[in-house]
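Please consider the structure shown here, and follow how its helices are arranged. The explanation is intended for a reader who meets this structure for the first time.

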Amino acid sequence: MAKKSDVTVEEKLRALYDLQLIDSRVDEIRNVRGELPLEVEDLEDEVAGLNTRMEKMDADLEVIDQGINTKKVLIEDAKALIKKYNEQQKNVRNNREFNALSKEVEFQELEIELAEKQIKEYRAQIDQKKEVIEQTRERLTERQKHLEHKKGELDEILAETEKEEKALLDKSKEFEQQIEDRLVNAYKRIRTSVKNGLAVVPVERGASGGSFFTIPPQVIMEIAGRRKIITDEHSGRILVDEELAQEERQKMNELFQKF
């Protein structure tokens, strides 16, 4: 490989267009994958979120069960106290003691009533949460199946294209080495600023590829002369002549078939 400083303008143009063809092929491969990687990532996040929600609701059920058990113990303790106070009332010496014990019995009865009400509310919460858990479980099962399907699609596409994409990316770096950094940076800047990623385009029917703006005949002759790097004044794209483009496309198609 010649040093960058020894490379002719024509060789730079060919290398730039080859680089464009390679990068465009990588773009095609990634377009085939499309939104699948993002879909898989979103589904993984959703499944993780649903699992977290299930774990939280299961933990909530345990807390509620503990609350019910606590109230049941409170009821049993209250009943034992009521029995105790009723027995003590049989041996009181005056009405004051009897009334005091009656108030204790009344208080424990209220405690039982309140605890039973709370247990009823807890059980209603359990029923409600179990219903939500069941709905969440169904949603989780559906999302997991969908995730497995999408992962399968992505794995299949990756298996078909991963090797080719890696080879193309290596070849892209190789061609970059043939071009001075200034041109490589300009190429990358143009690629990121246009929708289709085409930074180097041939002149087609008197206009830059993908453009409807006519290029003056004198400029077309300069492009065909391959003595300097010429850009389209409207899009900023680097221009090459159609003959050079056809030669490089044929060369690159032969290369792609080997991957």
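The paragraphs that follow treat helix packing, a salt bridge and a pocket in turn. The model is a predicted one.

Two packed helices are described by the angle between their axes and the distance between the axes. A suitable place to begin is the pair formed by helix H2, residues 36-89, and helix H3, residues 95-176. The axes of H2 and H3 come within 6 Å and cross at roughly 165 degrees. Because angles over 145 degrees count as roughly antiparallel, H2 is roughly antiparallel to H3. The crossing of H2 and H3 is left-handed. In the contact of H2 with H3, the residues by class are 31 nonpolar, twelve polar and 23 charged.

A salt bridge can be followed between these two helices. The structure holds 31 salt bridges, and one of them joins Arg143 and Glu46, with the closest N and O atoms 3.4 Å apart. Arg143 belongs to helix H3 and Glu46 to helix H2, so this pair ties together parts that are 97 residues apart in sequence.

The next helix to consider is H1, which spans residues 9-33. How do H1 and H3 lie with respect to each other, parallel or antiparallel? The axes of H1 and H3 come within 9 Å and cross at roughly 165 degrees; H1 and H3 are therefore roughly antiparallel to each other. The crossing in which H1 passes H3 is left-handed.

H1 also packs with helix H6, residues 242-258, at an angle of about 50 degrees, and the axes of H1 and H6 are 10 Å apart. That angle makes H1 oblique to H6. H1 passes H6 in a right-handed crossing.

The description now turns to the largest pocket. Its volume is about 220 Å³. Which elements give two or more residues to the lining of the largest pocket? They are helix H1, H3 and helix H4, the last of these covering residues 181-193. The residues that line the largest pocket are Asp23, Val26, Asp27, Arg30, Leu169, Ser172, Lys173, Glu176, Tyr187, Lys188 and Arg191. Sorted by class, this lining has seven charged, three nonpolar and one polar residue.

To review, H3 is roughly antiparallel to H2, H1 and H3 are roughly antiparallel to each other, and H1 is oblique to H6. Both H1 and H3 give two or more residues to the lining of the largest pocket.

Notes. Residues are numbered from 1 along each chain as its sequence is written. This is a predicted model: local features need pLDDT of at least 70, side-chain atom pairs count only at pLDDT 80 or more; totals for chains, interfaces and linings use all residues. Side-chain values use heavy atoms; hydrogens and water are left out. Axes are lines fitted to C-alpha atoms, for helices over the stretch in contact, and angles run from 0 to 180 degrees between N-to-C directions. Helices (H or I, at least four residues) and strands (E, at least two) are DSSP runs, numbered from the N terminus. Angles under 35 degrees count as roughly parallel, over 145 as roughly antiparallel, 65 to 115 as roughly perpendicular and the rest as oblique. A crossing is left-handed if the near helix is turned anticlockwise from the far one by less than a right angle, and right-handed if clockwise. Ala, Val, Leu, Ile, Met, Phe, Trp, Tyr, Cys and Pro count as nonpolar, Asp, Glu, Lys and Arg as charged, and the others, Gly among them, as polar. On a 1 Å grid over the protein atoms alone, a cavity is a set of points where a 1.4 Å probe fits but cannot get out, and a pocket is an open set with protein on both sides within 12 Å along at least five of seven lines; lining residues have an atom within 4 Å of a point. Grid points are joined across faces, edges and corners, and a volume is the space filled by probe spheres set on the points. A salt bridge is a side-chain nitrogen of Lys or Arg within 4 Å of a carboxyl oxygen of Asp or Glu.
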